[in-house]
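User: I am new to this structure and would like a close look at a single residue and the strand that holds it. Please set out its surroundings in plain terms.

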Amino acid sequence: MKKIIIFLLPILILFNSDFLFSQETSFKITGISGTAFIEKADKSLRAFRGSEVHSEYKLKTSSNSQVEIVISKNGDKIGNITVYENAILLVNPSIYKNNNDKISLSLLEGYIKVNIQKNAGNIAEIHTANTSAIVRGTEFEVAFAFEVEFDLELEFLFYFR
């Protein structure tokens, strides 16, 4: 009897590990033009197609760069993010351990476009330094500039356009 249990134990662990690891939401780079980096604390690695941006990591794009990210859960695509040039995007850790339906991102600088599938039932939180938005299944764009200096003529055109 002990031999059967020992034989079946690795098989059960193998199948259960796929289930356990597939519960997390993943952010995988599927397209990149230009140069981008994945950063955490004092470490910085160049981003490539196939790289993943994990919780508490920043994706930083340089000028003339663009990164396409696919958001997946349980192996199924639930959305995508386009990160444009000179942007810094932070993947926030999940606040709720038992609720993997919430995606939390912080745009520290730059411009992003996000598309979350409506039928996925997921909630996306997007934070900037001065605002937060919570959306469920939609396409939206967020722009945030940390320090912006306007020329007086450009400011005038901006307000009266």
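Analyst: What follows goes from the whole protein to one residue, Ser106, and then to its strand.

This is a predicted model, in which local features need pLDDT of at least 70 and side-chain atom pairs count only at pLDDT 80 or more, while totals for chains, interfaces and linings use all residues. Residues are numbered from 1 along each chain as its sequence is written, and side-chain values use heavy atoms, with hydrogens and water left out.

The protein has 2 helices and 11 strands (DSSP runs, H or I of at least four residues for helices and E of at least two for strands, numbered from the N terminus). Of its 161 residues, 30% are buried (under 20% relative accessible area, with a 1.4 Å probe and protein chains only).

Ser106 lies in strand β8, which covers residues 102-116. With a relative accessible area of 11%, Ser106 counts as buried. Leaving aside residues up to four places away in sequence, Ser106 touches Ile88, Leu89, Leu90, Asn92 and His127 (contact means heavy atoms within 4.5 Å). With Asn92 there is also a polar contact, side chain to side chain, at 2.9 Å (a pair of N or O atoms within 3.5 Å; within protein, one must be able to donate a hydrogen and the other to accept it, and residues adjacent in sequence count only if both atoms are side-chain atoms).

Strand β8 pairs with β11 in the antiparallel sense over 6 bridges (pairing requires at least two DSSP bridges between two strands). In this pairing, Tyr111 stands opposite Ala143 of β11. Along β11, residues 139-144, side chains alternate: Phe140, Val142 and Phe144 point to one face and are buried, whereas Glu139, Glu141 and Ala143 point to the other and are not.

Notes
Buried means under 20% relative accessible area, exposed over 50%, partly exposed in between (1.4 Å probe, protein chains only).
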